[in-house]
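Q: I should like a close look at a single part of this model, with its surroundings described afterwards.

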Amino acid sequence: MEQLALVDFQPLVQKRKREAQGQILIGDALTVLGTLPRETFRCCVTSPPYWGLRDYGIPNQIGAEASLNEFIGKLVAVFREVRRVLTEDGTLWLNIGDCYTSGNRTWRAIDKKNPARAMSYRPPTPDGLKPKDLIGVPWRIAFALQDDGWYLRSDIIWNKPNCMPESVKDRPTRAHEYLFLFSKSERYHYDYKAVREPSAGRLRNRRTVWSVHTEAYPGAHFATFPAGLIEPCILAGSDPGDNILDPFFGSGTVGVASSRHGRDYLGVELNQEYASLASRRLGVPVSKIRSNL
């Protein structure tokens with residue numbers, strides 16, 4: 001098996017008063033995370049690919065598994081590595097959406113507005129479910145991570161005021177996703193004062209329903225992770241100068257939000273096109289993990 005050198009992340013480890021710095025690494029999340037030093041990051045904010053909803057045309061991409069259990073197993077393995085590289089008081093903020101069974105359809109037609117929605121495959125209906133069933137993917141992942149050692153501290157409803165319309169007539173239109181707060185330890189860093197919200201002229205503890213508009217980013221042919229959803233996670237889960245991790249970097253919005261609030265960041269992205277997009281957006285070069293061989 002190829003041996004990988006540890007990524008030199010030391011320039012970003014030391015806290016100091018200066019402009020925030022960032023780094024983008026190309027590779028699959030599990031492999032890249034395995035090269036990083038333990039207890040490097042104070043906070044991880046991420047949104048992995050959803051199961052069976054997009055085909056990004058990348059071999060071994062997460063989200064294209066034939067079975068739901070395989071998809072969940074891969075995410076558990078990735079986030080086990082995330083837990084290793086988090087500080088003992090670190091937190092993971094995980095955004096994930098749900099989906100319905102495909103009804104055993106084997107493909108999906110091209111969507112001109114979103115080419116990534118076209119799929120030459122559709123995963124089969126998971127065992128125990130029926131056509132048209134809501135799968136419950138977010139909670140299945142949350143419980144799997146809880147079983148793997150994470151502390152499941154909160155479920156947060158991301159309410160989307162500008163949600164995508166759906167042509168369904170037998171159920172409500174979906175207008176929310178889940179954001180889960182996990183911690184590595186029983187006691188962890190959470191700055192509640194930094195994320196208090198206004199109410200009747202006063203500030204109160206933040207509630208668990210966050211209304212955040214979805215955002216498009218020019219050049220991105222996929223749903224981007226809105227800064228308004230990311231920023232409270234960073235503010236509550238870290239201090240200025242801390243390191244923020246996103247192992248599914250996409251267009252780099254976690255990097256944008258981290259820099260805006262004086263945090264260093266590391267983004268990992270498998271798709272070269274998306275990594276290049278994030279690089280141009282952030283003005284940060286893209287690197288590849290180095291091999292000893």
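Which side chain does the side chain of serine 47 join in a polar contact?

A: In this predicted model, the side chain of serine 47 makes a polar contact of 2.9 Å with the side chain of asparagine 95. Serine 47 lies in the loop that runs between strand 2 (41–46) and helix 2. Its relative accessibility is 18%, and serine 47 therefore counts as buried, the cut-off for that class being under 20%. Leaving aside residues up to four places away in sequence, serine 47 touches Asn95, Phe225, Asp246 and Phe248. Asn95 thus appears both in this list of neighbours and as the partner in the polar contact.

The loop holding serine 47 leads to helix 2, which spans residues 68–85. The axis of helix 2 comes within 10 Å of the axis of helix 3 (residues 137–147), and the two cross at roughly 45°. The two helices are therefore oblique to each other, and their crossing is right-handed. Helix 2 contributes Leu68, Phe71, Ile72, Leu75, Val76 and Phe79 to the contact, while helix 3 contributes Val137, Arg140, Ile141, Ala144 and Leu145. By class, ten of these residues are nonpolar, none is polar and one is charged.

A further element is helix 4, residues 227–237. Nine of its eleven residues are buried, so helix 4 is largely enclosed by the rest of the structure. Among the buried residues of helix 4 are Ala227, Leu229, Ile230, Glu231, Pro232 and Cys233.

Technical notes:
Residues numbered from 1 in each chain as written. Predicted model: local features only at pLDDT ≥ 70, side-chain atom pairs only at ≥ 80, totals over all residues. Heavy atoms only, no water. Axes fitted to C-alpha atoms, helices over the stretch in contact; angles between N-to-C directions. Helix = DSSP H or I, 4+ residues; strand = E, 2+ residues; numbered from the N terminus. Parallel < 35°, antiparallel > 145°, perpendicular 65-115°, else oblique. Left-handed = near helix turned anticlockwise from the far one by under 90°. Contact = heavy atoms within 4.5 Å. Nonpolar A, V, L, I, M, F, W, Y, C, P; charged D, E, K, R; others polar. Buried < 20%, exposed > 50% of the residue type's maximum accessible area, 1.4 Å probe, protein only. Polar contact = N/O pair within 3.5 Å; in protein donor to acceptor, adjacent residues only side chain to side chain.
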